[in-house]
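Colleague: Could you take me through the ligand site and the cysteines of this one?

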Amino acid sequence: MTSPHMFDLLVIGSGPAGQKAAIQGAKAGKRVGLIEQTREVGGACVYQGTIPSKTLRESALQMVRFLRATDVFEFRMRDDVRISSLMTRLDRVVRAHGEFMKEQLTRNGIQHLHGRAKFLSDREIDIQHLDGTHTNVSASLIVIATGSRPRVPDHVPIDHEHILDSDSILSLVYLPKSLTVLGGGVIASEYASIFALLGVQVIMVDSADRPLKFLDQDLTDQFCQAFEESGGQYRGLQKIRQVQWDGFSKVTTTLDNGQILESEKMLVALGRVANIEYLNVPAAGLTPTSRGLISVNEHCQTVMPHIYAVGDVIGPPSLASCSMEQGRRAVCHALGLSPGSAPEHIPMGIYSIPEMSSVGLSEQEAIAKHGGAMVGRARFHEIARGQISGMTNGLLKMVADAQGKQLLGVHIVGEGATELIHIGQMGLLHRIQIDSFVENIFNFPTLAETYRVAALDIAKQRRG
Amino acid sequence: MSPSSCLLEEELAAIRPVLANRLKTTGVDLPLLPVVAHQVLLLSGDPNVDSSKLSALIQQDQALAGQILRIANSPAYAPRSPIVSLQQAIAWLGFNMLAGLAFSVSVQSGVFKTAGYEKEVRGLWRHALATGLYGKEIARRIRHNVENAFLCGLLHLIGKPAILHLTSQTPPLAGRLHSWPVLEKLFDEFHLQAGTALGEVWKLPDSVKEAIRCFPDHLYDQATSPAKGAIITCLADHLASHALGTSDVEEETLRNLQVVRDLNFYPEDMTALLELKESIQHHVECFLS
Ligand SMILES: Cc1cc2nc3c(=O)[nH]c(=O)nc-3n(C[C@H](O)[C@H](O)[C@H](O)COP(=O)(O)OP(=O)(O)OC[C@H]3O[C@@H](n4cnc5c(N)ncnc54)[C@H](O)[C@@H]3O)c2cc1C
């Protein structure tokens, strides 16, 4: 073992959280080392998470549009082209994104240390390299950004062949005929709706009565309707007794009520666990929570003041968008730099088909917090742009205070929801009044007009 | 140069141009895929397949059906009760494993049954099977879908028996029994080319064709398929040689291969794979004994 290499800042993990922490440190003139156990930088976000799932979604949508167009243009696509072309495109996008990340780190003078990090003390880290050799590094400031991986529930024998997780589903070589999805969260809903759109018979099974329970019910109702229209089924309020590969052609899922579901493949999306198993955090003076997370204060600082933790390793909201901001802010705080005002209204984007997005308070939260709420709705089919683009299955729901004056939240379902939400986010940040949406002019025809229509709906209720 | 290596070189010099020419000109003369193997391959890609179709297919070939039943009853698969029907064997071994086996057994006992080299050809199939089995485990470790890895491993050396077939069929080489060292030299030189040609003639899936073409250490980085069959098969091939004792590569050398790094395997990953040695040997013996 060599003598320790000294850094000002050591970041463990090169996902969105670690990258932004490292870049912030480098921009502040610090000598930064970024430890990453995989060859590529970018983390789950680039290789198993956001980028691949969104690319697959986009490709699936394009393919379905294309297939629909075949009716018009009278040609046929070869069936076997489908999944391999989807996956090849995905591989290209992921590679390109990975290269871009690497280049960004080099440009900022950040040293990429390839190996697996393990704390030796609160300032010293052992890096195990692929060839089994070790390097000892130390720093006066350390950021843990080791992210998360799919949870493997005890009673589900994931074999990456028939019973897959959100990582191995990305290397399917053909589209299965049927798929059972365990879970009702973001990852489960996204993949379930993508595969249903591609013609796979999908059944989602979860313990909640509806998927994405944390979202406004108007949104999830619309999601369920679209999912069913593509042939999908949601089985809520169910407990899994047993999951088994029958050894030949089916995965059988036995529910607690005795019902047996059969499918060719299964996707298990029952949450994620933090990557702390190699870190030896007790050596750094840290104790993981009972859920295996690292606990931090509002500045992402752990009980050891010079050790910060950011991203999925500290638990929800477990979004790439928030992880990046946590990384940046943590390093600003550690270095005594002003991080700017704290993000107030974080939007939530779910890239299911249809897309859903939400910012601010829901109707129920507004009632609880403000003693009442007024709600305006605009359906995409009422808007010229919705009709022109064939995007008729959308809804924008605007939540205002009980007087119908102040904007409190926006919830959207339909194509473009994750982009459209930012108008609402800016409105909330600048505390704008509902009438501002009525009094101002929007481009015509656009989906942004839904804001005006929903605001008009509220204004109408206000007038009684 | 010793007299024996002189002789070897002379023999090689005589065969090489004939074989090279044969490979260049004659995709069509390559052996056809046995009917059963071809149908099994088609069935594996059919989403509407059910076990009765596969068992009906295997039943067409008595020898094949017998082999499958023997394998399913072997200790490696420890059946709870004796397996007496093909349907039962399919349920017990799993469709993909069975389809792969049926394919390999049918190819082995068909076109590639070259008189005079039975023992050596068996050695090739043992290696191919061990590579397929290791391929599955490597894919599992990288949390990659494992289905493709088995078939890639099983077929990556298909070019070798193809060369054997060609040398035994092509005048003026036909009818002569070449020494195994001579054939091994020819394999080294031509098996990728022969395997690639055979993959085309047999219309194997693209990802498998790519693994056959690109699995060697110096070629896997040319592979583009997201299925990663080539790089997985590269390491699986090394591990199979090690497990079956067909290479004298030390465990340490194996751990330090570039492909191990490129798969981002840490020492504990390799330890876990090396620990599978006995189980893989056992499976291979049960399959092919
Ligand atoms: C299918 C899916 C879809 C998603 N979609 C979205 C989305 O649409 N929008 C969104 O905002 N978010 C999305 N997310 C969530 C997002 O990907 C994560 O929130 C984000 O990647 C977390 O970033 P991170 O930096 O904390 O961790 P990660 O991205 O997980 O990166 C952690 C890195 O640390 C490395 N590491 C771990 N342990 C060690 C160690 N001991 N030594 C060295 N290195 C180590 C890992 O190899 C990894 O590279 C999605 C996630 C998934 C799985």
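**Ligand contacts and cysteines**

Modeller: In this predicted model, a polar backbone atom of A117(A) sits 2.9 Å from a nitrogen atom of the ligand. L319(A) also uses a backbone N or O atom, 3.3 Å from an oxygen atom of the ligand.

Colleague: How far is the polar side-chain atom of K54(A) from an oxygen atom of the ligand?

Modeller: K54(A) is among the residues that come nearest, with E36(A), A117(A), D312(A) and A320(A), out of 38 around the ligand. Its contact is made by a polar side-chain atom, and the distance to the ligand oxygen is 2.7 Å.

Colleague: What share of the ligand's area does the protein bury?

Modeller: The shell around the ligand has 14 nonpolar, 19 polar and five charged residues. A polar side-chain atom of K54(A) is 2.7 Å from a ligand oxygen. Taken alone, the ligand exposes 1000 Å², and the part of this that the protein buries is 94%.

Colleague: Which elements give two or more residues to that shell?

Modeller: They belong to chain A. The strands are β2 (32-36) and β4 (116-119). The helices are α1 (16-27), α2 (43-47), α3 (50-73), α5 (186-197) and α7 (320-335).

Colleague: How many disulfides does the structure hold over all chains?

Modeller: A disulfide needs two cysteine sulfurs within 2.5 Å. C322(A), buried at 8% relative accessible area, has its closest cysteine sulfur in C300(A), 10 Å away and so too far for a bond. C234(B), buried at 2%, is likewise too far from its closest partner, C214(B), because the sulfurs are 11 Å apart. Over all chains, the number of disulfides is zero.

How values were computed: Residues are numbered from 1 along each chain as its sequence is written. Chains are lettered from A and ligands numbered from 1 in the order in which they are written. This is a predicted model: local features need pLDDT of at least 70, side-chain atom pairs count only at pLDDT 80 or more; totals for chains, interfaces and linings use all residues. Side-chain values use heavy atoms; hydrogens and water are left out. Buried means under 20% relative accessible area, exposed over 50%, partly exposed in between (1.4 Å probe, protein chains only). A residue is near a molecule or strand if one of its heavy atoms lies within 4 Å of it. A polar contact is a pair of N or O atoms within 3.5 Å; within protein, one must be able to donate a hydrogen and the other to accept it, and residues adjacent in sequence count only if both atoms are side-chain atoms. Accessible areas come from the Shrake-Rupley method with a 1.4 Å probe; for residues, only the protein chains shown count as cover. Helices (H or I, at least four residues) and strands (E, at least two) are DSSP runs, numbered from the N terminus. Ala, Val, Leu, Ile, Met, Phe, Trp, Tyr, Cys and Pro count as nonpolar, Asp, Glu, Lys and Arg as charged, and the others, Gly among them, as polar.
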